[in-house]
Amino acid sequence: MIDQLFEFVQNHPLLVGAFLLVLTAWIAYEARNSASSGVSSSQATQLINREDAVILDTREAGDFKAGHIAGARNIPQSRIDERVGELEKVKDKPVIVVCKSGQASGITVAKLAKAGFSRVYKLKGGMMQWQADGLPVVKK
């Protein structure tokens with residue numbers, strides 16, 4: 001098995017080089033994006049308690065009602081462009097964007113940053129991580 005791998009690498013150096021280049025670029029991209037604007041559940045809790053951070057839940061209304069962080073505002077990601085005005089009063093506070101798994105919130109973070117919000121963060125792992133960490137949710 002290992003012999004075949006070495007033979008493949010020797011016979012296809014450009015293909016292997018391209019694969020390694022793409023892999024390195026992808027890892028660097030993911031590391032930069034997750035570290036730059038994401039906060040863990042414990043960091044989010046500190047922002048909420050110490051700096052009165054605003055929680056923006058971008059899931060659909062049904063998911064939001066099934067369980068959300070206490071005090072969170074629900075603006076579905078599909079409607080963020082038309083409802084961003086609702087957040088103008090809290091532009092000076094930290095805003096933590098929450099989605100289901102932490103993957104989709106990056107789009108909303110970028111839109112809010114473009115709209116002039118200086119302290120916008122995504123919750124790493126989203127609501128799935130929040131609940132996995134045993135943190136409380138409100139159901140309404």
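**Notebook: N74, the salt bridges and S105**

I looked up N74 first and noted that its relative accessibility is 17%, so N74 counts as buried (under 20% relative accessible area is buried, over 50% exposed, and in between partly exposed, with a 1.4 Å probe and protein chains only). I am working on a predicted model, in which local features need pLDDT of at least 70 and side-chain atom pairs count only at pLDDT 80 or more, while totals for chains, interfaces and linings use all residues. Residues are numbered from 1 along each chain as its sequence is written, and side-chain values use heavy atoms, with hydrogens and water left out.

I then placed N74 in strand β3, residues 73–74 (helices, H or I of at least four residues, and strands, E of at least two, are DSSP runs numbered from the N terminus). Leaving out residues up to four places away in sequence, I found N74 touching D57, R59, E60, A61, F64 and R83, where contact means heavy atoms within 4.5 Å. A polar atom of the N74 side chain lies 3.1 Å from the backbone oxygen of D57. I also checked L56, which is 18 residues from N74 along the chain, and the two C-alpha atoms are separated by 6.1 Å.

Next I searched the whole structure for salt bridges and obtained seven, taking a salt bridge as a side-chain nitrogen of Lys or Arg within 4 Å of a carboxyl oxygen of Asp or Glu. Two of the residues that touch N74, D57 and R59, are joined by one of these bridges at 2.8 Å, N to O, and both D57 and R59 are buried. R83, also in contact with N74, pairs with E86, with the closest N and O atoms 2.8 Å apart; E86 is partly exposed, because its relative accessibility is 44%.

Which residue forms a salt bridge with R119? I found E51, with the closest N and O atoms 2.6 Å apart. R119 lies in the loop between α6 and β5 (120–123) and E51 in helix α3 (residues 41–51), so this pair ties together parts that are 68 residues apart in sequence. R119 is partly exposed at 27% relative accessibility, and E51 is partly exposed at 37%.

I turned last to S105, which is found in helix α6, residues 105–114. Is S105 buried or exposed? Its relative accessibility is 0%, so I entered S105 as buried. Setting aside neighbours within four places in sequence, S105 is in contact with V97, C99 and K122.

How values were computed
Polar contact = N/O pair within 3.5 Å; in protein donor to acceptor, adjacent residues only side chain to side chain.
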